[in-house]
Amino acid sequence: MGNQLLESPNKQLNLTGEESHMNLRFEDIAVDGYEKVVKVTESSSGLVAIIAIHNTVLGPALGGTRIQPYATFEAALEDALRLSKGMTYKSAIAEVGFGGGKSVIIADPKTQKTRELLRAFGAAVEKLNGAYICAEDMGCTTEDVKTIRQMTKYVVGLPHEKSSGDPGPFTAWGTLRGIQSVVKQLYSSESLEGKKIAVQGLGNVGSCLIDHLFWAGAELILSDIDPVRLQKYAAKYHAKTAPIDQILKVECDVLVPCAAGGIINDQTIPELRCKAIAGCSNNQLLRDNHAQVLRDRGILYAPDFVINAGGLLNVAQELEEDGYKAKVARDKIHNIYDTLLAIYEIADKNNESTHEAALSLAEYRIKYSVGKRQVPPTFHHSAES
Ligand code: NAD
């Protein structure tokens with residue numbers, strides 16, 4: 001692997017002996033362009049997971065654990081591959097000294113997420129000896145990360161004072177800064193007063209973001225597959241609502257995807273009536289070339305792996321030698337605005353899409369090791385935290 005700054009196994013781990021009863025199996029999956037992709041199974045807990053490490057040139061791979069009842073193993077693998085690659089680029093742009101990784105557990109988070117399943121997954125992460133550091137993601141809460149922590153220290157984002165907690169509010173703040181950047185680019189002022197902003201998804205990030213948008217004076221149009229949640233926030237913020245099959249077609253200044261990926265595609269692009277897209281969802285473009293199609297339509301796109309780096313910047317901060325400082329994370333996240341403005345300028349100069357400009361910048365940093373980690377990460381939390 002590209003980075004040698006891995007931690008030695010945690011000698012403080014107080015395993016109960018449960019690990020020795022586990023029947024963990026690792027099967028390598030060879031994928032071009034990826035350093036390590038492994039299928040992990042454990043029979044007694046029913047664990048079936050994939051850990052994908054895309055690139056560790058700049059530091060150990062860091063990325064969330066998604067728990068989802070994928071229809072097929074191939075669908076889960078595709079998700080893990082796309083998400084881990086995205087993490088490599090996100091980390092490179094954010095200059096956090098980490099590489100790209102992601103894991104998926106194939107399970108229904110509502111019915112199959114047991115303590116045994118999470119602990120078996122934690123034992124698998126531990127076996128990778130720090131090459132991969134996990135965190136919460138869709139279907140996996142910070143409480144679940146706490147359970148995973150019982151088996152491995154290679155986790156971030158625990159609900160504890162020595163850890164950084166829920167990354168959602170930090171992602172929301174970075175997304176707000178990204179929305180301000182597209183508005184600045186379109187109207188020469190970052191003010192959101194009176195701007196029509198359509199938000200798809202009112203979950204962990206989306207619900208926090210709409211609060212910022214409300215107080216900034218935006219006119220909100222909201223959508224969520226959960227009707228109770230939708231009505232709750234529509235009433236709270238006096239917002240309009242749109243059905244889930246209409247939100248992408250709403251006429252607005254900024255469309256803000258905060259739900260699933262792949263929503264910008266051949267079917268949806270012709271129907272878009274927004275001037276810009278700036279949201280936190282990962283992998284918003286179904287394919288890279290959809291960024292150019294957006295550009296041809298005159299729609300400004302804030303690359304997802306740049307605008308949604310707030311959560312990463314926050315969790316990465318807790319691994320600094322001197323411990324977690326929320327203010328430092330906040331100030332770095334604030335600069336997502338400037339990073340995005342620079343990317344729009346590069347894209348204009350090079351006559352390319354903003355997505356291509358951001359990818360080129362990330363690839364340059366990886367090629368020349370710009371922002372490479374100099375000291376190993378420090379894990380300040382304990383299994384009891
Ligand atoms: P979440 O699961 O808490 O919220 C997602 C919300 O979207 C839910 O309310 C869900 O009901 C809704 N939803 C799902 N499909 C929908 C649809 N078709 N139309 C409308 N609403 C729909 O997730 P989250 O943590 O808020 O993350 C949202 C997105 O941002 C995900 O793509 C995630 O990967 C990405 N992201 C999150 C973070 C973070 O810090 N949580 C960081 C970076 C990226």
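This is a short selection-by-selection tour of a predicted model, going from the domains to the cores and then to a few single residues.

**Stop 1: the two domains**

Start by colouring residues 17-149 as domain 1 and residues 168-352 as domain 2, the two parts into which the protein is divided. If you place a marker at the centre of each, taken over C-alpha atoms, the markers sit 26 Å apart.

**Stop 2: where the domains meet**

Now show the contacts across the boundary: 17 residues on the domain 1 side are in contact with 16 on the domain 2 side. Together the two domains bury about 1300 Å², with carbon and sulfur atoms giving 68% of that area. Pick out R82, K90 and I93 in domain 1, since these lose the most area to domain 2 and together make up 43% of what that side buries. Then select helix α2, residues 73-94. Nine residues of this helix form the largest share of the domain 1 side that touches domain 2.

What about polar links across this boundary? Look for residue pairs in polar contact and you should find four between domain 1 and domain 2, with both residues at pLDDT 80 or more. Don't spend time hunting for salt bridges between the two domains, as the count is zero.

**Stop 3: the largest nonpolar core**

In soluble globular proteins, nonpolar side chains tend to be buried together. Here the largest nonpolar core has 94 residues, and the ones to show as sticks are I179, I197, V199, L213 and L220, which touch the most other members. Helix α3 (residues 115-127) supplies the largest share of this core, seven residues. Keep your domain colours on, because this core draws at least three residues from each of domain 1 and domain 2.

Centre on L213 next. Leaving out residues up to four places away in sequence, L213 touches L176, I179, L192, I197, V199, A218 and L220. Then switch to a second, separate core of 19 residues, which includes A198, I221, I263 and I277.

**Stop 4: Q180 in helix α5**

Select Q180, which lies in helix α5. Is Q180 buried or exposed? Its relative accessible area is 11%, under the 20% cut-off, so Q180 counts as buried. Show the side chains of Q180 and R177 and draw the polar contact that joins them, at 2.6 Å. Beyond neighbours within four places in sequence, Q180 is in contact with E190, L192 and Y337. Y337 deserves a distance label: its C-alpha atom is 7.1 Å from that of Q180, although 157 residues separate the two along the chain.

**Stop 5: two positive phi angles**

Follow helix α5 (168-187) to its end and select S188, in the loop that leads to β8 (196-200). S188 is not a glycine, yet its phi is positive, at about 65°. With a relative accessible area of 59%, S188 is exposed.

For the last selection, go to N283, in the loop between β12 (274-277) and α8 (290-296). N283 also has a positive phi without being a glycine, this one about 50°. Which side of the burial cut-off does N283 fall on? N283 has a relative accessible area of 17%, and is therefore buried.

Notes
Residues are numbered from 1 along each chain as its sequence is written. This is a predicted model: local features need pLDDT of at least 70, side-chain atom pairs count only at pLDDT 80 or more; totals for chains, interfaces and linings use all residues. Side-chain values use heavy atoms; hydrogens and water are left out. Helices (H or I, at least four residues) and strands (E, at least two) are DSSP runs, numbered from the N terminus. Buried means under 20% relative accessible area, exposed over 50%, partly exposed in between (1.4 Å probe, protein chains only). A nonpolar core is a set of buried Ala, Val, Leu, Ile, Met, Phe, Trp, Tyr and Cys residues joined through side-chain atoms within 4.5 Å. Domain bounds come from an automatic or database domain assignment. Contact means heavy atoms within 4.5 Å. Buried area is the accessible area (1.4 Å probe) that two parts lose on being put together, summed over both. A salt bridge is a side-chain nitrogen of Lys or Arg within 4 Å of a carboxyl oxygen of Asp or Glu. A polar contact is a pair of N or O atoms within 3.5 Å; within protein, one must be able to donate a hydrogen and the other to accept it, and residues adjacent in sequence count only if both atoms are side-chain atoms.
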